[in-house]
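Please look through the sequence and the structure shown here before reading on. The paragraphs below move from the overall picture to a few particular places in the chain.

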Amino acid sequence: MGRYDFKPLRVHQTASQLFASERIKHVPSWHEVVGTIPPAQTLVRTQPLQHQERPRGSNVRKPSKLFQPQRVVYEEDTLRKEFFGDHPWELARPRVVLENDGRDAERKDWSLLSQPDRPVDGESVIQRQMFLLNGSPEKGQKPDPKMTPARAYDQARKEFYEVRLQQDIERRVAKEEAMATGAYFGKSTLQIGMELEDKIFEEWKAWASAEVIQQEQRRAAMYTGVDNETAALPEGDQEVEAALREVDATIPAQGQEARGGAAFVP
């Protein structure tokens, strides 16, 4: 199997010797940190904490990734993936991360979606779903036994839509009241987006018109030659007259079908 490599354990000692012998001019930036917190001296890899229960038995195979930490999965992760997959623009809303410490289910009453000390967002819908599914054991509130994840998602989503609709109405009324008193507002995001879309459309329209004109010109250039009916051979050319005399005998008379070979049209 070979010997163990102890060089990583002696990296601080090696760097100190190199600096003392003036082989390096400056000590590395990690020199003091490694001296204060040296690497582990044990060479035995311990098994990480198991978050998932495994069936016991003699037929159970040893996992291939035994020494790798297991993935920590929470129930809220599945609910977040579903909600933000259906409402991706909720992630674009400004949000203060410090207002959520991960213990909202213990400190707040999620029997209602709206909370007095925090705005309604996607995380409110997640906590509301968790309350409908699991209740609140800390406050003695039991869940509805007939509640399913789909029903909980639909109910929390309906309440979320009602709150967003109410907020939209409040913004519209506040804007109309401000405009009535002489306030002036710039273009909305919808108007700016429509103007950008119209600009791109006009650019594409000009490009498409130029492409159509070029295609029509190329198509017309293919038929600029003289038609066969009005084509005329040059007169006085001895080579042309000699060639005509050679094929004169093979040209069928008027009304006679050509047999063998192709008919020659002067």
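What follows is a guided reading of this model, beginning with the chain and its confidence.

The coordinates come from a predicted model, and the reading therefore begins with the confidence, since where pLDDT is low, the predicted coordinates should not be read in detail. The chain has a mean pLDDT of 80, and 73% of its residues score at least 70. Among the elements of the chain, helix 4, covering residues 104-107, has the lowest confidence with a mean of 70, whereas helix 6 has the highest with a mean of 94.

The secondary structure consists of 8 helices and 0 strands, so that the order of elements from the N terminus reads α-α-α-α-α-α-α-α. Of the 266 residues in the chain, 16% count as buried. Among the contacts with a separation of 6 or more, 40% are accounted for by residues that lie 24 or more positions apart.

One pair of helices can be followed in detail. The axes of helix 5 (residues 122-134) and helix 6 (residues 149-180) come within 9 Å of each other and cross at roughly 135°; because this angle is neither over 145 degrees nor in the range of 65 to 115 degrees, the two helices are oblique to each other. The crossing of helix 5 past helix 6 is right-handed. On the side of helix 5, the contact is made by Val125, Arg128, Gln129, Leu132 and Leu133, and on the side of helix 6 by Pro149, Ala152, Tyr153, Gln155, Ala156, Glu159 and Phe160. By residue class, this contact of helix 5 with helix 6 divides into 8 nonpolar, 2 polar and 2 charged residues.

Within this contact, Val125 offers a closer view from helix 5. Val125 has a relative accessible area of 0% and is therefore buried, the cut-off being under 20%. Leaving aside residues up to four places away in sequence, Val125 touches Phe83 and Leu113 as well as Ala156 and Phe160, the latter two being among the residues that helix 6 brings to the contact. The C-alpha atoms of Val125 and Glu159 are separated by 8.5 Å, although these residues stand 34 residues apart along the chain.

A last stop is in a loop, where Glu22 is placed between helix 1 (11-20) and helix 2 (31-36). Most residues other than glycine have a negative phi, but Glu22, which is not a glycine, has a positive phi of about 60°. With a relative accessible area of 71%, Glu22 lies over the 50% cut-off and is therefore exposed, whereas Val125 is buried.

Technical notes
Residues are numbered from 1 along each chain as its sequence is written. This is a predicted model: local features need pLDDT of at least 70, side-chain atom pairs count only at pLDDT 80 or more; totals for chains, interfaces and linings use all residues. Side-chain values use heavy atoms; hydrogens and water are left out. Axes are lines fitted to C-alpha atoms, for helices over the stretch in contact, and angles run from 0 to 180 degrees between N-to-C directions. Helices (H or I, at least four residues) and strands (E, at least two) are DSSP runs, numbered from the N terminus. Angles under 35 degrees count as roughly parallel, over 145 as roughly antiparallel, 65 to 115 as roughly perpendicular and the rest as oblique. A crossing is left-handed if the near helix is turned anticlockwise from the far one by less than a right angle, and right-handed if clockwise. Contact means heavy atoms within 4.5 Å. Ala, Val, Leu, Ile, Met, Phe, Trp, Tyr, Cys and Pro count as nonpolar, Asp, Glu, Lys and Arg as charged, and the others, Gly among them, as polar. pLDDT is the predictor's confidence in each residue, from 0 to 100. Buried means under 20% relative accessible area, exposed over 50%, partly exposed in between (1.4 Å probe, protein chains only).
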